[in-house]
Amino acid sequence: MAIRKIYDFTMGADPEFVFVKDDRVVQARDIITDANERHDGLFGVDGQSAMGPAELRPMPGNTPEALMDNLQYCMQHGLKMYPESASCEWIAGSSPYDIAIGGHIHLGLKKVKDNKDISYS
């Protein structure tokens, strides 16, 4: 019998978006004022863009539902820490207001053990 590997699978994401108020873009750094949060927090500013869109940085999850729960937690955290963000629209997409933004889905595999008794039907 062939040995099959068991893997521990995780998924993460770092979606970016812009704040818009009264049809004008509000710089994320003007809302997210804490420097530590801005660079390393759950609710931060993307450092790769001159316009500095906001970025959610959730903990990874082992299921899509867990990742969505973690994303929701990041949004709630941002609203709590930066109440001004609630007065803005949070707009995502490939280039809202001609600002190139993105975000990534991260997939992680970590081999945890060998197992000879796995069967797939």
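**Exercise 1. The overall architecture**

How many helices and strands make up the secondary structure of the protein chain?

*Solution.* The model is a predicted one, in which local features need pLDDT of at least 70, side-chain atom pairs count only at pLDDT 80 or more, and totals for chains, interfaces and linings use all residues. Residues are numbered from 1 along each chain as its sequence is written, and side-chain values use heavy atoms, with hydrogens and water left out.

Step 1. The elements are DSSP runs, numbered from the N terminus: helices (H or I) have at least four residues and strands (E) at least two. The protein chain has three helices and seven strands.

Step 2. Along the sequence, these elements follow the pattern β-β-β-α-α-β-β-α-β-β.

Step 3. Of the 121 residues in the protein chain, 32% are buried. Here buried means under 20% relative accessible area, exposed means over 50%, and partly exposed lies in between (1.4 Å probe, protein chains only).

Step 4. Contact means heavy atoms within 4.5 Å. Among contacts between residues at least 6 apart in sequence, 68% join residues at least 24 apart.

**Exercise 2. Helix H3**

Determine whether the span of helix H3 agrees with its number of residues, and describe where its buried residues lie.

*Solution.* Step 1. The expected span of a helix is 1.5 Å times one less than its number of residues. For the 18 residues of H3 (residues 64–81) this gives 26 Å, and the end C-alpha atoms are 26 Å apart, which agrees.

Step 2. The buried residues of H3 are Leu67, Leu71, Cys74, His77 and Gly78. Seen down the helix axis, they fall within an arc of 115°, so they line one face of H3. The arc is that of the directions from the helix axis to the C-beta atoms.

Step 3. An α-helix has 3.6 residues a turn, so residues three or four places apart point the same way.

Step 4. On the other side of H3, Glu65 and Lys80 are exposed.

Step 5. His77 serves as an example from H3. His77 has a relative accessible area of 18% and is therefore buried. Beyond its neighbours within four places in sequence, His77 is in contact with Glu37, Leu42 and Phe43.

**Exercise 3. A buried loop residue**

Locate Pro53 and state which residues surround it.

*Solution.* Step 1. Pro53 belongs to the loop between strand E4 (43–45) and strand E5 (54–56).

Step 2. Pro53 counts as buried because its relative accessibility is 1%.

Step 3. Leaving aside neighbours within four places in sequence, the contacts of Pro53 are Glu16, Phe17, Val18, Ala28, Gly44, Val45, Asp46 and Ile101.

Step 4. Pro53 and Val25 are 28 residues apart along the chain, and their C-alpha atoms are separated by 9.5 Å.

**Exercise 4. Strand E3 and the loop before it**

Describe the backbone of Asp22 and Asp23, then the surroundings of Val26.

*Solution.* Step 1. Asp22 lies in the loop between strand E2 (16–21) and strand E3 (24–26), and Asp23 lies in the loop between E2 and E3.

Step 2. Most residues other than glycine have a negative phi. Asp22, although not a glycine, has a positive phi of about 55°; for Asp23, also not a glycine, the positive phi is about 60°.

Step 3. Asp22 counts as exposed at 69% relative accessibility, and Asp23 is exposed at 58%.

Step 4. Val26 is part of strand E3. Apart from neighbours within four places in sequence, Val26 is in contact with Phe19, Lys21, Ile31 and Cys88. The C-alpha atoms of Val26 and Cys88 are 8.2 Å apart, with their positions 62 residues apart along the chain.

**Exercise 5. The salt bridge**

Identify the salt bridge and decide whether its partners are buried or exposed.

*Solution.* Step 1. A salt bridge is a side-chain nitrogen of Lys or Arg within 4 Å of a carboxyl oxygen of Asp or Glu. A search of the whole structure finds one.

Step 2. The side chains of Glu55 and Arg57 form this salt bridge, at 2.9 Å from N to O.

Step 3. Glu55 has a relative accessible area of 7%, so this residue is buried. Arg57 is likewise buried, at 19%.
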